[in-house]
Amino acid sequence: MATPKVGNKAPVFKGICTGKGNVDLSKLKGKKVVLYFYPKDNTPGCTTEGQNFSDLYKAFKKEGALIFGLSRDCLLYTSPSPRDGLLS
């Protein structure tokens with residue numbers, strides 16, 4: 001699969017969300033969706049990135065956008081954090 005580019009449509013995928021069940025991108029068709037990727041939970045850079053989205057959450061919500069942070073971390077080792085509330 002080619003690397004997605006900013007502004008392009010994301011490939012359809014399904015995933016497990018921390019504390020919020022599952023997400024199926026195909027069911028969000030027509031909605032504004034922000035996907036941000038981070039390599040590892042609870043690290044300084046990734047925590048800052050997640051906090052930045054939390055700080056701007058109201059602005060994204062006002063625009064009708066859903067925010068998803070994606071990581072390769074295993075959910076068994078991922079502790080809930082403030083960014084978990086971004087999925088609404």
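A salt bridge is taken here as a side-chain nitrogen of Lys or Arg within 4 Å of a carboxyl oxygen of Asp or Glu. This cut-off bears on aspartate 24, which is buried yet has no salt bridge. The side chain of opposite charge nearest to aspartate 24 is that of lysine 14, 4.1 Å away. The structure discussed is a predicted model.

## Overall architecture

The protein chain contains two helices and four strands. Read from the N terminus, these elements follow the order β-β-β-α-α-β. The chain has 88 residues, of which 24% are buried. Its accessible surface amounts to about 6,700 Å², and carbon and sulfur atoms account for 59% of that area. When contacts between residues at least 6 apart in sequence are considered, 64% of them join residues at least 24 apart.

## Nonpolar cores

The largest nonpolar core consists of six residues: Cys17, Val23, Leu25, Leu28, Leu66 and Phe68. Another core, of five residues, lies apart from it and includes Tyr36, Tyr38, Phe53 and Ile67.

Leucine 28, a member of the largest core, is located in the loop between S2 and S3. Its relative accessibility is 14%, so leucine 28 counts as buried. Beyond its neighbours within four places in sequence, leucine 28 is in contact with Val23, Val33, Leu66 and Phe68. Of these partners, Val23, Leu66 and Phe68 are also listed in the largest core. In C-alpha terms, leucine 28 lies 9.7 Å from valine 12, a residue 16 positions away in sequence.

Tyrosine 36, one of the residues of the five-residue core, belongs to strand S3. With a relative accessible area of 3%, tyrosine 36 is buried. The C-alpha atoms of tyrosine 36 and serine 71 are 8.8 Å apart, although 35 residues separate the two in sequence.

## Surroundings of aspartate 24

Aspartate 24 is part of strand S2, which covers residues 21-24. The relative accessible area of aspartate 24 is 16%, and the residue is therefore classed as buried, the limit for that class being under 20%. Which residues, other than neighbours within four places in sequence, are in contact with aspartate 24? They are Phe13 and Lys14. The C-alpha atoms of aspartate 24 and lysine 14 are separated by 4.3 Å, with the two residues 10 apart along the chain. The distance of 4.1 Å between the charged side chains falls outside the 4 Å limit for a salt bridge, so this pair is not counted as one. The side chain of aspartate 24 does, however, make a polar contact with the side chain of serine 26, at 2.7 Å.

## The salt bridge and side-chain polar contacts

The count of salt bridges in the model is one. In this salt bridge, lysine 32 pairs with glutamate 63, and the closest N and O atoms are 3.8 Å apart. Lysine 32 lies in strand S3 (residues 32-37), while glutamate 63 lies in the loop between helix H2 (57-62) and strand S4 (65-70), so the pair ties together parts that are 31 residues apart in sequence. Lysine 32 has a relative accessibility of 46% and so counts as partly exposed.

A further polar pair involves helix H1 (residues 44-55), where glutamine 51 is placed. Glutamine 51 is partly exposed, its relative accessible area being 36%. Its side chain makes a polar contact with the side chain of aspartate 55, at 2.8 Å.

The table sets out the side-chain pairs described above.

| Side-chain pair | Type | Distance |
|---|---|---|
| Lysine 32 and glutamate 63 | Salt bridge | 3.8 Å |
| Aspartate 24 and serine 26 | Polar contact | 2.7 Å |
| Glutamine 51 and aspartate 55 | Polar contact | 2.8 Å |

Conventions:
Residues numbered from 1 in each chain as written. Predicted model: local features only at pLDDT ≥ 70, side-chain atom pairs only at ≥ 80, totals over all residues. Heavy atoms only, no water. Core = buried A, V, L, I, M, F, W, Y, C linked by side-chain atoms within 4.5 Å. Buried < 20%, exposed > 50% of the residue type's maximum accessible area, 1.4 Å probe, protein only. Contact = heavy atoms within 4.5 Å. Areas by Shrake-Rupley, 256 points an atom, 1.4 Å probe, with all protein chains shown as cover. Lys, Arg positive; Asp, Glu negative; His and termini not counted. Polar contact = N/O pair within 3.5 Å; in protein donor to acceptor, adjacent residues only side chain to side chain.
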